[in-house]
Amino acid sequence: WRTPQRGFSAFVFTLSGSGVIILDDGTEVNVKQGDVFISSPQGQGHYEYTPKGETWEMLWVTVWGDSPMFIPPFSDYEIRKFDNIEELRVNIQGIFREELYQDHRSEAAMEKYEQLFLISMDRALGFNESKALNRHRQELSQLWVRVSRTLSDVWTLDRLCSETGYSKSHLSRICLELYNKTPGAMITEMKMQQAKVMLINSVQSVDRIASLLGYSRLSAFSYAFKEYFGMSPREYRDTYTKLKV
């Protein structure tokens, strides 16, 4: 059941079989393999049921209304067709499998599957960005690759602007539009995600990891990590190393 005007979009992909979606206004929508039912954050509520004797394999994805990704270009609901069923199934199953397997490579593998899933979902939906926004996304993706390879460097807003040719205000606006994050928050996220992988999958000291990620003081790294994950780097390593064992 999805209540009306809930503040998130619902994407119901039918991978196989068929089902029925009933909207608040009484409309019944029949969906079958290759259909994706999409409701906007402002749309009416709905619920699903599987007709007697039918099998309905669905994938339900929730996207919060303040997300910069997958914004429905309509105010209520729509049915679209998609044909990359196996791609979606394989990627979502990969996420679940790695979450259960939990060996020393699972964290990195899950992130790859998550990225692939978002790409396959984007292809399935066919939402199109403006040419200008798409160009900015392409340009900034190259920037983030350079940043990710040199996380030990000092990446100030001035340096980011120098790399892209954007003004500070323009870069900040584009980042908020594309990612719902400031440029500084983007870099912090990249550092924290790398820190997570290094803490679990390496034996390097926390001090060394902080240095490799561009922190001159361990206290600054520990503070940033705890703000992001809710626990200190040492607590995180201890917790997730035990889970792996």
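## The nonpolar cores

A nonpolar core is a set of buried Ala, Val, Leu, Ile, Met, Phe, Trp, Tyr and Cys residues joined through side-chain atoms within 4.5 Å. The structure described here is a predicted model. Its largest nonpolar core has 32 residues, and the members that touch the most others are L140, W144, V147, L160, L213 and F221. Six helices give two or more residues to this core: α3 (131–149), α4 (157–164), α5 (168–179), α6 (183–201), α7 and α8. The greatest share comes from α6, which supplies eight residues.

There is also a second core, separate from the one above, with 21 residues. Among its members are F74, L88, F117 and M121.

## L213, a buried loop residue

Where does L213 lie? L213 is in the loop between α7 (206–212) and α8. L213 has a relative accessibility of 1%, and residues under 20% count as buried, so L213 is buried.

Apart from neighbours within four places in sequence, L213 is in contact with L151, S152, K191, Q194, A195, M198 and F221. One of these, S152, is 61 residues from L213 in sequence, yet the two C-alpha atoms are 4.5 Å apart in space.

## Helix α8 and F221

Helix α8 covers residues 218–229, twelve in number. From the first C-alpha of α8 to the last is 16 Å, close to the 16 Å expected at 1.5 Å a residue. Three residues of α8 are buried: F221, A224 and F225. These three lie on the same side of α8, because they cover an arc of only 100 degrees around the axis. On the face of α8 turned away from that buried side are the exposed residues Y223 and E227. After the helix comes G230, which has a positive phi, near 85 degrees.

F221 is one of the buried residues of α8, and F221 is also among the core members with the most contacts to other members. Which residues does F221 touch, not counting those up to four places away in sequence? They are M192, A195, V206, I209, A210, L213, Y215 and P233.

## Strand β1 and its partners

Strand β1 runs over residues 8–23. Of its 16 residues, 13 are buried, so β1 is largely enclosed by the rest of the structure.

β1 pairs with strand β5 (residues 56–64) in the antiparallel sense, over nine bridges. In this pairing S9 of β1 stands opposite V63 of β5. β1 also runs antiparallel to strand β3 (residues 35–39), and four bridges join the two. Here the partner of V12 is F37 in β3.

## The β1–β2 hairpin and β4

Strand β2 (residues 28–32) is antiparallel to β1, and five bridges join them. One bridge matches S18 with K32 in β2. β1 and β2 form a hairpin with four residues between the strands. In this hairpin G26 takes a positive phi near 95 degrees.

Strand β4 (residues 46–49) pairs with β1 as well, in the antiparallel sense and over four bridges. In β4, H46 stands opposite L23.

How values were computed. Residues numbered from 1 in each chain as written. Predicted model: local features only at pLDDT ≥ 70, side-chain atom pairs only at ≥ 80, totals over all residues. Heavy atoms only, no water. Expected span 1.5 Å × (residues − 1). Buried < 20%, exposed > 50% of the residue type's maximum accessible area, 1.4 Å probe, protein only. Arc of directions from axis to C-beta. Pairing = 2+ DSSP bridges. Contact = heavy atoms within 4.5 Å.
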